[in-house]
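Please open the model in your viewer and keep the selection panel at hand, as the tour moves from one selection to the next.

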Amino acid sequence: AAAKKYLPFKESMKEEIFGRFSRITKAIVFGTVLTAVIQGVLGGIGFAIFNIPSPVLWGFVMAIASIIPLLGTALVWLPAGIIQLLQQDYFSGIGILLFGALIVGTIDNFIKPKLVGKRAKVHPAIILIGILGGIKLLGFIGLIIGPVILATAIELFKIENRMKENKTGYSQF
């Protein structure tokens with residue numbers, strides 16, 4: 001509300017800017033949660049396929065762990081695969097390691113930018129760059145803040161270009 005008060009735009013333009021910001025933020029939260037659920041379900045399916053005990057429980061744990069940048073679901077499937085190998089169950093151990101690394105661990109790189117980009121009406125590549133840059137600069141919170149900042153900045157540039165094309169000053173907006 002304080003930032004809104006000081007923006008040099010008409011009230012209608014301020015509402016548009018904050019509406020876009022709200023849409024982008026909601027899309028990122030939705031994309032993060034839905035991606036976590038998908039990774040958890042896939043992880044649970046992988047655990048069931050390779051006879052890892054309690055696949056539903058571990059799928060749920062993977063869904064929660066998937067929110068952690070870089071490590072994510074590997075915190076669950078990597079130890080499970082190693083334990084299987086140590087128990088000389090090579091089929092399950094290698095299977096869960098491959099399934100975890102190739103399917104569960106990488107699916108978020110494809111799904112999240114698509115989900116968020118579609119709902120936020122921003123290109124998925126922008127969302128992916130925002131996620132990666134946000135994590136690099138801000139750590140865990142950058143997972144959400146990075147794409148919000150980048151997408152909002154792009155929206156503000158679009159508004160600036162619209163003003164230049166109309167050859168109007170800020171007072172018209």
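Begin by selecting residues 11-49, which form helix H2 (helices being DSSP runs of H or I, at least four residues, numbered from the N terminus); its 39 residues reach 57 Å from the first C-alpha to the last, close to the 57 Å expected at 1.5 Å a residue, where the expected span is 1.5 Å times one less than the number of residues. This is a predicted model, in which local features need pLDDT of at least 70 and side-chain atom pairs pLDDT 80 or more, while totals for chains, interfaces and linings use all residues. Residues are numbered from 1 along each chain as its sequence is written, and side-chain values use heavy atoms, without hydrogens and water.

Just after H2, select Asn51, which takes a positive phi of about 55 degrees.

Next, select Ile68, Pro69, Leu70, Asp108 and Asn109, which lie nearest the centre of the largest pocket among its 26 lining residues. H2, H4 (74-86), H6 (107-120) and H7 (124-138) each supply at least two residues of that lining, and H7 gives the most, with 5 residues.

Finally, select helix H8, residues 142-165, whose 24 residues should span 34 Å at 1.5 Å a residue, in agreement with the 33 Å between its end C-alpha atoms. Within H8, colour the buried residues (under 20% relative accessible area, 1.4 Å probe, protein chains only), which include Gly142, Leu143, Gly146, Pro147, Val148 and Ala151. The buried residues of H8 pack against H2, H6 and H7, so displaying these helices together shows the partners of H8.

Note on methods:
On a 1 Å grid over the protein atoms alone, a cavity is a set of points where a 1.4 Å probe fits but cannot get out, and a pocket is an open set with protein on both sides within 12 Å along at least five of seven lines; lining residues have an atom within 4 Å of a point. Buried means under 20% relative accessible area, exposed over 50%, partly exposed in between (1.4 Å probe, protein chains only). Contact means heavy atoms within 4.5 Å.
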